[in-house]
Amino acid sequence: MFLNFSSETLLTLSSLGFSSMYVYPAFVFGTLIYLIIVFCNLLVLTTIAASKKLHKPMFILLLNLPISDILGATAFFPHLVFSIVTQNRLISSDACLTQAFLIHFYGTGNMLILSAMAYDRYMAICSPLKYNAIMNSNNLIKIICLIWFLNFALMFTLFMLLARFKFCRSNLADLYCNNPSLLKLVCNDISLNNYYGLFTIFLVMGAPLILIMYTYAQILFTCVMTNNTDGRRKAIQTCGTHLAVFLVLQVNTTFTLISHRFDSASPFLRRALGVSILIFPPFLDPLIYGLRTRELKQCMIMFLKRSLGFTK
């Protein structure tokens, strides 16, 4: 018997496995993590927007990262903490589809934004004389628009292909809604969805990986060849931070998506890595970029002092 794909259809997410004694501590912890994520990312966002000193290509590109992180965290945490306190893992199909779209939109957006940031650092370090000409305001706007347009086009197509079907099952295999888990509820032929899904994985994961590996190899070579020790240290520090953030997202996302295609993959590991994608990047991105980027750190401190009335 098929389930109509409508808001009246209730789906069941995988159990959190909490005993009753851990419900309220988990609720408080989840709420606190979400509030910290939103506050820290909004701090980075407003600092860059309010500080003319930071109106440079590197920080304008970085501005998009907290937007994407807040989007991903908001798609995941409110429903999670609600289901913890109510001990109810039901979700409507419309809400599930919306959550899945926003989570995939967040993940793809982060990959594309980090790729653009890597290209910016590559141009700044390897071709400094051409940097201002290439990373001018017009080109910067084009890059940002391309990031969001490509992200939306890929994810909209992915979920329009999914929305064609009716469900014949109601139990999701993961702790949150996502495209692979929703496809497992379908009894129709999903070959087209699988082919398009593989295409998006190779495009969204493969292209940024190739770009970042190439640009950082060039940056490393340039840093080794330069005689400016201080400049070399700053460049390696900045790029090392970018690379660490990118690889955490890349490895965890790739395993989470690919593991759905193999029955032998550990469901526990898949769920743990899947949740880590929605916790660690949004939580760590503002801390890493805020604390390790000296210029942004100084502006954040000044912004907080002005906001709290310590300076005029």
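## Overall architecture

Read from the N terminus onward, the elements of the protein follow the order β-α-α-α-β-α-α-α-α-α-α-α-α. The radius of gyration is 21 Å, close to the 20 Å that the globule rule gives for 312 residues, so the protein is as compact as a globular protein of that length. The model described here is a predicted one. In total, the protein contains 11 helices and two strands.

Along the principal axes, the C-alpha atoms fill a box of roughly 70 × 45 × 35 Å. Among the contacts with a separation of 6 or more, 79% join residues 24 or more positions apart.

## Surface and charge

The accessible surface of the protein amounts to about 15,900 Å², and carbon and sulfur atoms contribute 69% of that area. Of the 312 residues, 46% are buried.

The protein carries 23 positive and 10 negative charges. The mean positions of these two sets of charges lie 12 Å apart.

## The nonpolar core

In soluble globular proteins, nonpolar side chains tend to be buried together. In this model, the largest nonpolar core has 82 residues, and L182 and L296 are those with the most contacts inside it. Helix 4, which spans residues 93–126, supplies the largest share of this core, with 16 residues.

The surroundings of L296 can be described in detail. Apart from its neighbours within four places in sequence, L296 is in contact with V44, T47, I48, L54, F59 and L62, and also with Y289 and G290.

## Three residues of helix 4

Helix 4 includes Q99, A100 and D120. Q99 has a relative accessibility of 5% and therefore counts as buried, the cut-off being under 20%. Leaving out residues up to four places away in sequence, Q99 touches A75, F76, H79, I91, Y176 and C177. A100 is likewise buried, with a relative accessible area of 0%. The residues that A100 touches, not counting those up to four places away in sequence, are F159, C177, N178, N179 and L182. L182 is also one of the two residues with the most contacts inside the largest nonpolar core. The C-alpha atoms of A100 and S181 are separated by 9.5 Å, although these residues are 81 residues apart along the chain.

D120 is a buried residue as well, at 1% relative accessibility. Beyond its neighbours within four places in sequence, D120 is in contact with P57, M58, L61, Y131 and M135.

## Two exposed loop residues

Q87 is placed in the loop between helix 3 (64–86) and strand 2 (90–92). This residue counts as exposed because its relative accessibility is 56% and the cut-off is over 50%. Most residues other than glycine have a negative phi. The phi of Q87, by contrast, is near 55°, a positive value in a residue other than glycine.

N171 lies in the loop between helix 6 (137–162) and helix 7 (179–183). N171 is exposed, with a relative accessible area of 56%. Setting aside residues up to four places away in sequence, N171 touches T12 and L185. N171 and L13 are 158 residues apart in sequence, and their C-alpha atoms are 6.2 Å apart in space.

## Helix 8: a buried and a partly exposed residue

Helix 8 covers residues 191–225 and contains L211; N193 is also found in helix 8. At 3% relative accessibility, N193 counts as buried. Its contacts, not counting residues up to four places away in sequence, are with L161, L162, R164, F165 and L183. N193 and K52 are 141 residues apart in sequence and 45 Å apart in space, taken from C-alpha to C-alpha.

L211 has a relative accessibility of 30% and counts as partly exposed, since this value falls between the cut-offs of 20% and 50%. The C-alpha atoms of L211 and Y22 are separated by 44 Å, and the two residues are 189 residues apart along the chain.

How values were computed:
Residues numbered from 1 in each chain as written. Predicted model: local features only at pLDDT ≥ 70, side-chain atom pairs only at ≥ 80, totals over all residues. Heavy atoms only, no water. Helix = DSSP H or I, 4+ residues; strand = E, 2+ residues; numbered from the N terminus. Rg over C-alpha atoms; globule rule 2.2 N^0.38 Å. Buried < 20%, exposed > 50% of the residue type's maximum accessible area, 1.4 Å probe, protein only. Contact = heavy atoms within 4.5 Å. Areas by Shrake-Rupley, 256 points an atom, 1.4 Å probe, with all protein chains shown as cover. Lys, Arg positive; Asp, Glu negative; His and termini not counted. Charge placed at Lys NZ, Arg CZ, Asp CG, Glu CD. Core = buried A, V, L, I, M, F, W, Y, C linked by side-chain atoms within 4.5 Å.
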